[in-house]
Amino acid sequence: MKYLSTIVILLLYGCNYAYAQAWLTPIYQTEYSFQEAKASFQQEWDGKSYQKSKGFKQYSRWARFMEERVDENGMLAPDKLWKEVNKYKANHDIKTSGSGGEKSVVGEWEFIGPYHVSDAGDEPGGMGRINCLEIHPVDHDIMYAGTPSGGLWRTTNGGIDWEPLTDNLPIIGVSDVKVAPSDPSVMYMATGDCDGGHTYTIGMMRSDDAGETWTPAGLDPSTGLGGNPIDEIAIHPYDDKIVIAATGVGLFKTTNGGTSWSLVTGMGWFRDVKYKLDDPNVLFATGYEFTLGTHTKFYRSENGGNDWYPIQTGIPTNEAGRMVVALTPDDPDYVYVLAAEYGGGGFLGLYRSTNGGNSFAQMADSPELVSGQSAYNLALCVSPTNKSELYAGGVSLFKSTDEGATWEQTIGLSGMSNYVHVDIHDLDFYPESTGTLFASSDGGLYKSTNNGVSWKDLSDGLHITQFYSMDLFVNNPSVLLGGTQDNGLLNRTTPLEWGNTFNSDVVSCEISPTHSDSIFVVTNGGSVWRQSAMGYENVLNPYNTGIWEASAWDAPFIMHPHNSNKILIGYQSIWKSDDHGDSWNNISGLLTSTVITAMDVAPSQPDEHIYASDGTHFFKTNNGGISWVTIDLYMIDGYVTDIEVSSDNPYDLLMSTGQGKVYSSLNGGDTWTDISGDLPAISANAVMAQPGPEQRVYVAMDVGVYYRDVFTPNWQPFFDNLPNVMVYDLEINPCEGKLYAATFGRGIWSTDIEGQLLNGVSYSIDVNLEGCFDNSSGFMENILDEYDLIPLSQPYSESPWYYDGEEYVNSIPNNVVDWVLLELRSQSDADQLIATKAAFLKQDGSIVEPDGSTDPLFCGIDPVQSYYIVVRHRNHMAIMSDIAKFPGSHIDLTDAANVFGGFDQVSYLGFMNYAMKAGDIDANGVITVDDFNVYAAESAIINDYLSGDCNMDRTVTVTDLNMYKNNASSIAIPQVRYD
């Protein structure tokens with residue numbers, strides 16, 4: 001068996017987990033495969049419950065990333081992606097595009113978002129993780145932000161605007177970046193992601209033009225560094241060719257700008273290195289050498305980094321895990337060290353030296369500054385003008401004004417002026433500045449100009465969000481959700497505005513195909529949450545509901561394509577709910593001794609055909625779980641990452657693997673055919689089939705999206721303008737004719753696609769509904785929002801009236817007086833909603849698409865079924881067809897004979913007590929049971945028109961009522977009365 005040596009094992013891909021956790025110490029001193037490393041972790045945690053901030057979550061993230069990508073011997077070549085992508089580009093003559101991505105045969109991708117994530121409200125916002133910040137030594141408005149998988153970014157105006165600098169590199173993780181003090185055009189960049197281990201590395205890169213272009217500068221996997229991380233870079237203050245690098249195997253030094261490097265310590269892992277501010281012969285470093293033990297020590301060099309020795313006085317030599325160093329120009333002899341515990345990862349102590357690092361004294365060992373996850377993030381800085389003022393970052397941010405003797409927490413909750421997203425990775429002051437401080441966190445970059453009293457989020461324009469998954473609402477293109485790494489569930493509320501409605505690592509999210517306000521999210525470890533009027537409620541947790549099954553980091557979760565009450569999740573068994581998550585049943589029995597990692601249902605027969613995999617086995621049922629078949633995937637190359645079932649044939653399947661393979665089966669998975677062709681040998685993370693005779697298939701990989709169909713039997717690159725980034729999820733919106741890609745580090749992108757899409761059905765509808773429109777013109781006012789768009793919804797919050805179907809247009813067609821919400825309901829059960837969409841009401845009573853061009857079109861609907869049609873006004877008055885109508889029908893709801901109940905005006909639908917209420921009768925701004933009671937009591941005597949939100953201020957008041965009265969008295973158009 002091959003083994004991962006010390007220079008390849010966890011140190012690169014999961015360096016944070018092993019280092020400060022005693023249970024993984026042996027991995028540094030022996031040679032282990034990934035499987036053996038995983039077994040070591042499981043042995044240590046056997047019988048122990050999950051503990052927040054103790055490394056469990058961080059290890060699980062790393063293990064999931066590694067498991068899909070290692071080969072059969074547990075090996076992952078660190079530079080594999082670099083080599084494979086360059087080979088693929090050379091073979092396909094791919095040219096660099098002008099906008100930063102790669103030039104492909106087809107596919108013109110554009111960034112969708114997030115552009116901005118609000119930090120207001122109960123849940124914290126966040127754009128994404130930043131590992132490090134580097135401030136230009138001369139022009140402080142120029143700063144560089146290094147991200148774990150979104151590359152290197154630059155601002156030239158102090159964080160107002162940002163631009164990516166590394167989109168053309170087939171690796172875009174950055175652990176550290178430094179600008180040469182002697183020549184700011186020279187920069188060095190450490191590739192990879194030491195804090196998270198979620199990307200690849202090619203070692204050190206160098207730029208001689210301020211980051212515009214980059215060339216390899218050694219310490220790549222072919223050198224003595226192997227695949228280990230570069231944690232910190234220190235550039236000589238007077239010579240940009242002399243560089244010291246703290247790495248996973250020791251301290252390296254170059255004197256020729258990276259052409260060659262020498263190892264200047266014994267084997268060991270070093271996390272920090274810095275030059276003494278007034279003497280370039282003196283350097284400080286933190287790390288350990290195997291020959292001196294496995295605990296972190298503070299090291300000092302007096303000959304420019306050629307020789308190093310540990311300091312023994314006043315600072316731990318055998319108890320510490322991670323240590324970070326902070327210096328200040330206010331007194332170059334002051335050296336501060338923040339140390340974490342070796343085993344638990346919590347706060348060990350703050351140490352101060354006043355003699356240039358020759359000896360130390362402990363200043364504090366409380367309060368808990370680190371919160372147990374120092375292996376993942378730890379930061380310390382000192383004011384450049386006040387040596388007594390320190391800031392320490394762990395999960396939260398703390399401040400000391402007495403040289404570290406006492407500390408206070410300085411950041412507040414989301415929405416407060418002193419809010420900073422949790423998990424601080426770097427802290428930096430403006431050089432020679434008083435009070436201007438930056439915090440790099442899991443949620444982005446924050447700036448304080450008053451010594452940490454208040455903060456401003458500078459992350460707008462940093463397109464760095466790490467998405468695990470996304471979901472669309474096909475009949476409302478503006479509704480878009482994404483599950484992210486440590487930034488929760490992000491939802492698009494306007495084309496440019498995103499909000500956060502759920503905190504944590506959200507690995508999966510599903511929107512009901514019929515209710516855009518009905519949302520489920522799955523967090524790391526398989527916990528299922530359901531949106532409710534009170535927020536989100538936990539409806540399933542494999543560790544506390546009696547299930548007690550292991551779960552993948554990103555447990556596969558599926559919602560029935562036609563009935564949101566039916567949902568599935570895979571642990572070691574497959575569990576199903578038929579009542580919207582209220583109760584759950586095991587429908588498979590124990591399928592695997594590991595965990596289910598991929599799952600899908602047949603859209604044409606979702607109650608019968610279910611397919612799943614644990615990475616190396618394939619499980620299937622064709623009778624809804626009554627019986628299951630297990631197939632050993634010994635013939636498959638790689639770990640299964642995704643399963644896709646054809647929309648019209650339950651036996652037509654696709655499957656992708658972590659070795660860059662795509663397989664096809666035409667018999668429900670009994671046998672598989674390799675259709676990978678010349679795809680690059682990098683992880684294929686998701687596969688998506690586009691319905692239609694073209695039989696087009698898309699695959700999302702660690703770099704790029706590719707497609708093939710009946711006209712292109714070979715795979716074609718499909719990533720014009722898409723940065724070189726891991727693509728984790730794909731979705732098609734047939735209404736728009738667009739393909740969406742969720743990337744792990746560069747947000748969400750979309751591109752137009754060709755070919756026949758899902759079925760669409762249309763109806764021609766006439767109705768008597770009064771509109772809210774300008775009294776002088778007789779038409780709806782062209783009221784634009786801040787993005788010059790018109791929002792087409794009124795999101796009432798009172799269930800079951802709530803709908804959040806946000807569509808947007810940039811102009812109002814002629815003769816339009818208002819908008820309405822259309823609903824398709826099941827022929828067999830009118831209470832079952834099939835689809836919704838916004839549409840325009842014209843002055844003549846007809847209803848059209850928001851662009852005014854055609855009859856309203858519903859996408860993804862079975863064209864051979866008939867549906868009840870409901871037209872719902874913004875004030876929630878509604879009218880429904882008397883019978884279910886086939887697509888293409890003309891429905892004249894102005895004729896009482898065609899209306900359910902026989903009334904062409906509003907009346908009560910007895911079995912659907914939410915459908916035909918008159919609206920907000922008591923004008924308190926919400927639809928409640930009180931309105932029902934008023935309607936029932938006063939319907940015989942009230943003969944007025946009811947008010948909706950005519951002026952679009954999201955409340956219903958007498959102003960809206962007057963608009964209705966005025967319009968009704970002055971303009972002769974069809975009107976609705978409730979009496």
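Here is a short conversation about how the features of this predicted model are assigned.

Author: Residues are numbered from 1 along each chain as its sequence is written. In this predicted model, local features need pLDDT of at least 70 and side-chain atom pairs count only at pLDDT 80 or more, while totals for chains, interfaces and linings use all residues, and side-chain values use heavy atoms, with hydrogens and water left out.

Reader: How many helices and strands are in the protein chain?
Author: There are eight helices and 67 strands. Helices (H or I, at least four residues) and strands (E, at least two) are DSSP runs, numbered from the N terminus.

Reader: What makes strands 28 and 29 a pair?
Author: Two strands pair if DSSP finds at least two bridges between them. Strand 28 (residues 444–448) and strand 29 run antiparallel and are joined by two bridges, so they meet that definition. Lysine 447 stands opposite lysine 456 in strand 29.

Reader: Why is one side of strand 26 and of strand 29 left without a neighbour in the sheet?
Author: The open sheet has four strands in the order 26-27-28-29, with antiparallel pairing. Strand 26 (424–429) and strand 29 (456–457) stand at the edges with a single partner strand each, so one side of each has no neighbour there.

Reader: How do you know that the span of helix 6 agrees with what is expected?
Author: The expected span is 1.5 Å times one less than the number of residues. For the 13 residues of helix 6 (residues 80–92) that should be 18 Å, and the end C-alpha atoms are 18 Å apart, so the two agree.

Reader: Why do you say that the buried residues of helix 6 line one face?
Author: Buried means under 20% relative accessible area, exposed over 50%, partly exposed in between (1.4 Å probe, protein chains only). The buried residues are Lys80, Leu81, Glu84, Val85, Tyr88 and Lys89. Seen down the axis, they fall within an arc of 150°, so they line one face; the arc is that of the directions from the helix axis to the C-beta atoms. Exposed Lys83 and Ala90 sit on the face turned away from the buried side.

Reader: What do the buried residues of helix 6 pack against?
Author: Strand 52 (705–709) and strand 53 (712–717). Contact means heavy atoms within 4.5 Å.

Reader: Which residues touch the most other members of the largest nonpolar core?
Author: Val528 and Ile569, among 75 residues. Strand 51 (residues 696–701) gives the most to this core, with five residues. A nonpolar core is a set of buried Ala, Val, Leu, Ile, Met, Phe, Trp, Tyr and Cys residues joined through side-chain atoms within 4.5 Å.
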